[in-house]
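Here is a short note to read beside the model. Please keep the structure open and check each point as you go.

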Amino acid sequence: MSALSIHPARNADLPAILRIQSRCYTAIVPESAQSMGAKLAASPATCFVAQRAGDVIAYLLALPWRFDHPPHLDAPDCVLPEEPDTLYLHDLAVDPAARGSGASQALVQAFFAALTESGIGRASLIAIQGSAPWWEGHGFRAALTTPTLDARLAGYGSDVRYMSRQSDTARSS
């Protein structure tokens with residue numbers, strides 16, 4: 001079996017990202033190429049793909065954002081806030097044929113490295129499709145929400161949980 005490699009996502013990776021997204025998400029309508037491309041363009045230093053034998057088998061998209069106002073699902077554009085207070089992990093997906101490859105763990109480690117490098121003290125994500133226990137295994141915990149935030153989360157399906165964790169550097173200081 002060939003080695004797994006992680007590298008920053010590029011526009012050329014977008015077709016593979018869209019293919020993997022369509023195979024993985026059943027609780028929501030997959031996001032458009034325009035929306036996913038806008039996220040890649042907005043924060044290339046925090047978006048990654050995992051490759052094996054030259055093929056993209058998984059991806060992770062993250063954005064420096066505002067904790068109390070996560071991005072809209074399938075927004076056609078992506079303008080980063082001036083003062084982000086969280087590195088928002090928007091999406092992690094592994095092609096079903098590549099499950100068990102170690103890609104998810106490698107991508108999460110790349111995300112945590114980007115979190116540390118960013119100097120932002122917190123990470124957040126919206127867990128869907130029963131993934132909250134998996135994220136808890138990576139130190140994320142359910143976050144308190146507001147009615148405004150709950151309205152934003154409603155677009156992510158019925159099994160949704162907003163989660164956060166402090167960065168390792170924030171925990172040690």
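1. Start with the second largest pocket of this predicted model. By class, seven nonpolar, two polar and four charged residues make up its lining. The space in this second largest pocket comes to about 170 Å³. It is lined by 13 residues, and Trp 65, Pro 71, His 72, Asp 77 and Val 79 are the closest to its centre.

2. Now turn to the largest pocket. It holds about 490 Å³ of space. Its lining takes in 23 residues. Find Tyr 25, Leu 92, Ala 93, Ser 131 and Trp 135, which lie nearest its centre. Four elements give two or more residues each to this lining: α1 (14–24), β4, β5 (122–128) and α4 (132–136).

3. Which element gives the most to the lining of the largest pocket? Strand β4 does, with six residues. As for class, the lining of the largest pocket has 15 nonpolar residues, five polar ones and three charged ones.

4. Look next at Leu 92, a residue of strand β4. Is Leu 92 buried or exposed? Its relative accessible area is 16%. Buried means under 20%, so Leu 92 counts as buried.

5. What is Leu 92 in contact with, once neighbours within four places in sequence are left aside? The partners are Tyr 25, Tyr 59, Leu 60, Ser 104, Leu 107, Val 108, Trp 134 and Trp 135. Take Val 108 as one of these contacts. Leu 92 and Val 108 are 16 residues apart along the chain, and their C-alpha atoms are separated by 8.4 Å.

6. Strand β4 (residues 86–94) also has a pairing partner, β3. The two are antiparallel and share eight bridges. To find your place, use Tyr 59, which stands opposite Ala 93 in β4. Ala 93 has come up before, as one of the residues nearest the centre of the largest pocket.

7. How many residues of strand β3 (residues 55–65) are buried? The count is 10 of 11, so the strand is mostly covered. As a general point, side chains in a regular strand alternate between the two faces of the sheet.

8. Strand β3 pairs with β2 (residues 47–52) as well. These two strands run antiparallel, joined by six bridges. Arg 52 stands opposite Asp 55 in β3. Together β2 and β3 form a hairpin, with two residues between them. Check Ala 53 in the turn: its phi is positive, about 55°.

Note on methods
Residues numbered from 1 in each chain as written. Predicted model: local features only at pLDDT ≥ 70, side-chain atom pairs only at ≥ 80, totals over all residues. Heavy atoms only, no water. Buried < 20%, exposed > 50% of the residue type's maximum accessible area, 1.4 Å probe, protein only. Pairing = 2+ DSSP bridges. 1 Å grid on protein atoms, 1.4 Å probe; cavity = no way out; pocket = protein on both sides within 12 Å on 5 of 7 lines; lining within 4 Å. Points joined across faces, edges and corners; volume = space filled by probe spheres on them. Nonpolar A, V, L, I, M, F, W, Y, C, P; charged D, E, K, R; others polar. Contact = heavy atoms within 4.5 Å.
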